[in-house]
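Biologist: Before I trust any labels on this thing, I'd like to hear the reasoning behind them. Can you walk me through it?

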Amino acid sequence: MSAFPQPGAFLRRRDGRSAGRVYRLAGEPVRIGRDPAGEIVIEGEEAAVVSSRHALIENRGGAWRIVDAGSTNGTFVNGRRIGEAELTDGALVRLGAGGPEFEFRLGQPPETVELDKTVVASAPPHQEKKDEVDLLAEAVERARRARTAGRYGQTTVIMREMLTKALRRSARKFHAVIAVLAAALVAVSTYSYWSIQELKQEKTAIDRHIQEIEERLASGDLSAGEAEALLKQLNDYQAQAKRLEESLFYRLGASSEEGFIEREIRALLKEFGAEQYSVPPEFVEQVRLFIERYQTTDRAHVERLMGVGRQKLALIRRVFEQEKLPPDLAYMVMVESAFIAQSESPKGAAGLWQFTPATARAYGLRVNAQTDERLDVEKATRAASRYVRELILDFGAGSSVMLALAAYNLGPGKVRQAVRRVEDPIRQRDFWYLYRVRALPLETRQYVPRIVAAVIIGRNLERFGFRAES
């Protein structure tokens, strides 16, 4: 590879068998994944959540950036799933949730280590001395343990790794073991292939049923009994799909057919504790529509956020982090006030957070003829964080953040009135149930996806045609 840019950069593995290993980054793009043609290849058991072409790291104009290459399980930087992001000194990069983790550092590595084409640790000296019987025994024992643990698809990975290890040895006595391993690899690969195809066909059928149910629910032309029956079927199909996806055979052969926006919605819902196997298509479509609006008719709101509102956004995020709330809830102000601090509604709501005088006073803000602290960004944000926290606690359940957003828009009293129309006390706290049966007003059903759209735009400015000001 070419000479390293100044300053140099490298990745240090933080976990697994290769913890501590250093990989220097050169000027050319560095591909990471299972593909043997890449510069950093993940192999063995660690590769279960890693895609063939998982991510790309490159230097653009002196800045290092990482790009997710359409991976199935996502690329995370400092715990946040990204499409593309700049890497700063000390950034933590993880391939898939719970997958291999690296630390990105600027400067020259502390020791000279060539960029290896595999993340599998070199075999210790005593392993180099094993004969072919030991090598086969090791492969068989690892495969047995994997099957005992229910990881049937891991056999292919184990055999491939052992075959690679055998091929690296040139002694004639290993020719026989190479032939045995190769034959075993062909056999298990064939079995795995047909198993994977069967599971994928099963999941396709389940997804088709789910889509049909979602379409019928979205039609709104159902009696209460019909809706309940469909929702029960939907829950059963989602449970089946989740169990199927836990199969390692399926994970080894799965490739995500979801688009970028769907993946971003899922990542955000997971952070909000509102994850669903099936997100209602109507919700996804609303998010798409609002993203388009932010790119066109409401473009000025996003440009204000990146320009004069940038410091205010940073302040709001800090306050929410201090209150142990998701910092991306800061984008609520883009929906509430279009990021105009002096904004005032016809109903008397004012400031970035659009507090009415009564609500502002209830959360400690002074509002009188001389002073209006609703216009003070920091004080109003601290009041808003207390209000959001109280709403989350008030509607405490798996999707409490989503219900809190609905209550911020509609008012907690009106949300309570809406949810109490649902007799089941558990489902009263389930945002997705309330969304599907249209228990919430249309304005609120649009308000929540609008916030999700604002967050996705904020996380991916360049992808949607915006450029953050420095």
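Modeller: Sure. This is a predicted model, and a good place to start is Gly 411, which comes right after helix α14 and has a positive phi, near 100 degrees.

Biologist: What makes you call α14 mostly covered?

Modeller: The helix spans residues 400-410, and 10 of its 11 residues are buried. Buried here means under 20% relative accessible area. Among the α14 residues that pass are Ser 400, Met 402, Leu 405, Tyr 408 and Leu 410.

Biologist: Which residues touch the most other members of the largest nonpolar core?

Modeller: Tyr 408 is one of them, along with Ile 265, Phe 283 and Trp 353, in a core of 89 residues. In general, nonpolar side chains tend to be buried together in soluble globular proteins.

Biologist: What is Phe 283 in contact with, leaving aside neighbours within four places in sequence?

Modeller: Its partners include Ile 265, Met 402, Phe 431, Trp 432, Tyr 435 and Val 452. There is also a second, separate core of 24 residues, and Val 30, Val 50, Trp 64 and Ala 91 are among its members.

Biologist: Why is the pair Phe 320 and Trp 353 called stacked?

Modeller: Two numbers decide that. The ring centres are 5.6 Å apart, and the limit for a pair is 6.5 Å. The planes are 25 degrees apart, and stacked needs under 30, so the label holds. By the same rule, the count comes to 13 aromatic pairs.

Biologist: Where in the chain do Phe 320 and Trp 353 lie?

Modeller: Phe 320 is in helix α10, while Trp 353 is in the loop between α11 and α12, 33 residues apart. Phe 320 has a relative accessible area of 0% and Trp 353 has 1%. With the cut-off for buried at under 20%, both therefore count as buried. They also belong to one aromatic cluster with Phe 355, Tyr 363, Tyr 387 and Tyr 408.

Biologist: How do you know that Arg 12 and Glu 103 form a salt bridge?

Modeller: Their N to O distance is 3.6 Å, and the rule asks for a side-chain nitrogen within 4 Å of a carboxyl oxygen, so the pair qualifies. Arg 12 is in strand β1 and Glu 103 in strand β11, so this bridge ties together parts that are 91 residues apart in sequence.

Biologist: Are those two buried or partly exposed?

Modeller: One of each. Arg 12 has 22% relative accessibility, so it counts as partly exposed, whereas Glu 103 has 15% and counts as buried. The line between those classes is drawn at 20%.

Biologist: What makes Arg 459 and Glu 271 a salt bridge?

Modeller: Their closest N and O atoms are 2.6 Å apart, and the limit is 4 Å, so they count as one. Arg 459 lies in helix α17 and Glu 271 in helix α7, so the link spans 188 residues of sequence. Arg 459 is buried at 8% relative accessibility, while Glu 271, at 40%, is partly exposed. Elsewhere, salt bridges with shared partners join Arg 13, Arg 14, Asp 15, Arg 94 and Glu 101 into one network.

Biologist: Why is strand β6 said to be mostly covered?

Modeller: Five of its six residues, in the run 63-68, are buried. Arg 65 in this strand counts as buried at 14% relative accessibility. Arg 65 also forms a salt bridge with Glu 84 at 2.9 Å, N to O. That pair links strand β6 to strand β9, 19 residues apart.

Biologist: How do you know that β6 pairs with β5 and β9?

Modeller: Pairing takes at least two bridges. Six bridges join β5 to β6 and three join β6 to β9, so both pass. Both pairings run antiparallel. As examples, Ala 55 has Asp 68 as its bridge partner in β6, and Arg 65 has Glu 86 in β9. β5 and β6 form a hairpin with two residues between them, and Gly 61 in that turn has a positive phi of about 60 degrees.

Biologist: What makes you say that the charge of Arg 445 sits over the ring of Tyr 435?

Modeller: The charged end of Arg 445 is 4.2 Å from the ring centre, inside the 6 Å limit. There is an angle test too, within 35 degrees of the ring normal. Arg 463 likewise lies over the face of Phe 260, at 3.6 Å from the ring centre.

Key:
Residues numbered from 1 in each chain as written. Predicted model: local features only at pLDDT ≥ 70, side-chain atom pairs only at ≥ 80, totals over all residues. Heavy atoms only, no water. Core = buried A, V, L, I, M, F, W, Y, C linked by side-chain atoms within 4.5 Å. Buried < 20%, exposed > 50% of the residue type's maximum accessible area, 1.4 Å probe, protein only. Contact = heavy atoms within 4.5 Å. Helix = DSSP H or I, 4+ residues; strand = E, 2+ residues; numbered from the N terminus. Phe/Tyr/Trp six-rings, centres within 6.5 Å; stacked < 30°, edge-to-face > 60°.
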